[in-house]
Amino acid sequence: MNQKIQFTLNGKSTTMEAPTHRLLLDLLRDEIGLTGTKEGCGTGDCGACTVLMNGKPVNSCLVLSGELEGASIVTIEGLKIGPELDAVQNAFVRDGGAQCGYCTPGMLMMSKALLDENSNPTEDDIRFALSGNLCRCTGYAKIIQAVQDAAAMIRSKNVQ
Amino acid sequence: MAELTVVGKPVTRVDANEKVTGEAIYGYDLVLPNMLYGKTLFSTKAHARIKRISTEKAKAFPGVVAVVTGADVPWTHGESIKDKPFLAQGKVRFIGEPVAAVAAEDEDIAQAAVKLIEVEYEDLPVYVDPEEACKSGAVAIHEDFPKYRKVDFIVPGAHANIAEHFKLRTGDVAQGFKESDLVLEEKYFVPMIQHAAMEPHSAHAQFDKETGRLTIWVANDAPFRALHEIAEALGMPKEKIRFINPLQGGGFGSKGGLKVEPIAVALAFHTNGRPVRVKFNREETFISTLTRHEAVVYSKTGVKKDGTLMAREMTIYWGAGAYAEKSPTVCIRGSLPAPGPYRIPHVKVDGYAVYTNKPVAGSYRGYGIPQGAWAGEQQMDEIAKRLDMDAVEIRLKNIFVEGDISYWGEQLHAVGLKETLTKATEAIEWGNKPHQIKPGVKNGKGFACIQKPTRSPTTSAAGVMVNTKGDITVLAGTVEIGQGCNTILSQVAAEELKVPMAKVQMHPLDTDVIPYDASTTSSRSTYHMGNAVRRASIHAREQIMEAASPMLEAKTQDLDCVDGKVFLKDQPQMALTLGEVVRRKFGPEGVVRGDGSYTYEIGKDLDLETGHSDHASAFYMYATQAAEVEVDEDSGRIRILRMSAAHDVGKAINPLNCVAQIEGGVVMGIGSALHEEMVIDQTGKVRNPSFLDYHLVTSLDTPELISIIVECAEPEGPYGAKGLGEPGLAPTPAAIGNAVADALGIRIYDLPLKPENVYWAIQNKKKKDAA
């Protein structure tokens, strides 16, 4: 059954019709064409499809379009501020946080959620925050380093 | 050699930006205009005859465009044995084998229609154990095996289920054991695991009736080989087939060969020219794509009192799964160096690739080396213990060094093994081994050494274009699977053309325009494609120098090239940009193109009776990894405290990328050591086809990683480089196994070292000690 839904997507008000059972992940990728959000498992086990929903990280493969009414969704495509990369994107580039890059959008959204809440996380905080986001390439070391570096960048910016 | 300006530097990845913004388009993301959606019906039986398939209901379902079964696509394929049908023909051989497929207007319709296909099976005996499958009396999983087309190096075994029998014969092992002071014989087991690349598998295909052209969009790591395999199967000329590679979200060996491709192709011939996309979800990827070979390894080693190795005999059963895929070459290249990187006068190896009714095993990062090392390297430690020798000392006494003749008859050069051994063990303070620090927890250290060959002989070709802006475009068929080849190859082009990295871009991979490359496998790309791109870049540079010579009124030997400019060596102000030279010579739209290719010339082919060869591999990779662990005696849980990994890479073209490859490899190796296994029941069903039940390493599980780069230059490699993609995980389980044995005083022979296995090993020892 199709239902009219209105929500905010990457800062823009969006109205569309979609079946209530359609997954947010499929809505983003297939209907809206934002393929930056990745599908790794479809069962909420890998974190590749992480987006921010009302500022909190969610697996978009576990959110139904019927739950979207009035919500604010931020995807990887909405992470840049104008032409500028976000601090965490910059750190991933510099530190080698992405290899094949398929888990990267989810990793970045989860990292962003962590840093929005805590710009001075310990290594354990970072490891715990990212523990639901699987990566098969990097062995996580460069990802953890990138989040630490992004945190330092954010803190120094806040001081200025 | 002139000083290197880009090669050898820790350059950041050239593809990072598109990956952190979500702009990168992977195979799984690709949407084609007017595309249909394909879904697959998989076999629910591990071994059965198909008595009847009826597709009428599916065909009649609204929105369905095509339904295909094996009857519509009478083709078979296979890299070295043509044994695999596009869709099951008459029988099924594993749960997850594609039986039929549907193309429809959307995915929901396709899935609903698949459920309407009815298949009636008649059960046959199921073989889930490779040793059982080749016992006399076991029925043939492939009745027509003798009739299959095979490449000429295949040596079928005595039993119909043995697809390949590799033999290595050196000296006389019976004599060697007789002359030994200690002979040890043990059985080791490595279970089936999966690559679990984060991007699941998919393929798109379109057949244009008018032109007779078939186009396939797929993140395949060997598009030229896949093209060849499809052409051969279909009896189509190669020029009628085109492969286009979207980005690949990891592969680790799983995305070569043909898996989803045949299903997409089968459908594409029945959709009236519309493209069709076939995606496997995660569960389908688990049961229907590829796995790493389970292996049963019998190892018998004889040694003198002073630690000198005398003889080693190994028998390895490689569980191939239902189809041969790359099993014959995994069996050959995994069995050949299985006795380890040691001087051993008497060696006998029998490797058997055995069909079973399990998911197909194929190439997996490491290509048979981890299985051999799990047995051989643990046995080395066990021998050292019985001789009361230090594990480092016994290795040093026997390891390959420069100029040694290996037991397969090849003289070795560029052997950096000793340095990796010394550095890896020093990094975890080998001499200092406390066995108990905390109550209830035992500590231990261990290490393992490996040597890995690469697929040989093979060819890579490349083109390098320079336009009037001085921009460089590299045409290379190496697939960026995350390993960083686009960065490495850009560095090589930038180095040879003396331009900044920002001036270089990689052309997207399309077999219509990109020169031939054998495959992105076997850690071969930096060496082979690095050489090809280097040659193509030099070819382009020479043409530019020649064109610039009259413009600058100087001989070419008096010209030099730096920072995107050609200039006179003794008058650097007399300079032209590369782009200016191209424009003046060829006009505003002009391009200079350089071409280069590299083929490793093999010496004598591997002798099929003895396994001997004077050039089995273009180069060899050497590594030692060392682990420090603690084991909780109550729960059996292993915690890795730190892990060092020293790898001989020849020359690090990009040290940052080398460390990235090592770290990623080690962590993958840790997963295979501690918890990864595909659990398959007696009916052949995979019981854990999800990330909930198949445990990958998470960010909570990784230890301190110490990556060490050793550079023992390979003269034929570009700037001395070898390869590094695979060895990162090869010695890891054996190193951890040795550390656990050191901690507990218990040898565990079967992977993975999951808590319950370790727990029961501890309990059994307690019982034994009490008795």
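What share of the contacts in chain B with a separation of 6 or more comes from residues 24 or more positions apart? In this predicted model, residues 24 or more positions apart account for 80% of those contacts.

**Overall form of chain B**

Chain B is built from 18 helices and 28 strands, and along its principal axes the C-alpha trace spans about 90 × 75 × 50 Å. Because a compact globule of 771 residues would have a radius of gyration near 28 Å, the 27 Å computed for chain B agrees with that expectation. Of the 771 residues of this chain, 60% count as buried. The largest nonpolar core has 297 residues, and those with the most contacts inside this core are A264(B), L267(B), V474(B), V533(B) and I544(B). When neighbours within four places in sequence are left aside, A264(B) is in contact with G38(B), with A203(B), H204(B) and A205(B), and further with I216(B), V276(B) and V278(B).

**A three-stranded sheet**

Chain B contains an open sheet of three strands in the order 6-2-8, with antiparallel pairing. Its edges are formed by strand 6 (91-92) and strand 8 (118-123) of chain B, each of which pairs on one side only. Strand 2 (residues 48-54) runs antiparallel to strand 8 of chain B, and six bridges join these two strands. Across from E122(B), which belongs to strand 8 of chain B, stands R49(B).

**The side of chain B that touches chain A**

Between the two chains, 41 residues of chain B are in contact with 42 residues of chain A. On the chain B side, the elements that give two or more residues are helix 1 (16-20) and helix 16 (655-674) of chain B. Of these, helix 16 of chain B supplies the largest share of that side, namely seven residues. Sorted by class, the side of chain B that touches chain A has 20 nonpolar, 14 polar and seven charged residues.

**Backbone features in loops**

Most residues other than glycine have a negative phi, and most peptide bonds are trans. The following table collects departures from this pattern in chain B.

| Residue or bond | Feature | Value |
|---|---|---|
| S456(B) to P457(B) | cis peptide bond | omega near -5° |
| L751(B) to P752(B) | cis peptide bond | omega near -5° |
| S522(B) | positive phi, not a glycine | about 60° |
| E553(B) | positive phi, not a glycine | about 50° |

As for the prolines, P457(B) has its place in the loop between strand 18 (441-453) and strand 19 (459-467) of chain B, while P752(B) is found in the loop between helix 17 (732-744) and helix 18 (755-770) of chain B.

Turning to the residues with positive phi, S522(B) lies in the loop that runs between strand 21 (504-506) and helix 14 (525-551) of chain B, whereas E553(B) is placed in the loop between helix 14 and strand 22 (559-562) of chain B. Is S522(B) buried or exposed? S522(B) counts as buried because it has 27 C-beta neighbours inside 10 Å, where 20 or more are needed for that class. E553(B), by contrast, has 9 C-beta neighbours inside 10 Å and therefore counts as exposed, the limit for that class being 12 or fewer.

Methods. Residues are numbered from 1 along each chain as its sequence is written. Chains are lettered from A and ligands numbered from 1 in the order in which they are written. This is a predicted model: local features need pLDDT of at least 70, side-chain atom pairs count only at pLDDT 80 or more; totals for chains, interfaces and linings use all residues. Two strands pair if DSSP finds at least two bridges between them. Helices (H or I, at least four residues) and strands (E, at least two) are DSSP runs, numbered from the N terminus. Two residues are in contact if their C-beta atoms, placed from the backbone, lie within 7 Å. Ala, Val, Leu, Ile, Met, Phe, Trp, Tyr, Cys and Pro count as nonpolar, Asp, Glu, Lys and Arg as charged, and the others, Gly among them, as polar. The radius of gyration is taken over C-alpha atoms; the globule rule is 2.2 Å times the number of residues to the power 0.38. A nonpolar core is a set of buried Ala, Val, Leu, Ile, Met, Phe, Trp, Tyr and Cys residues joined through C-beta atoms within 7 Å.
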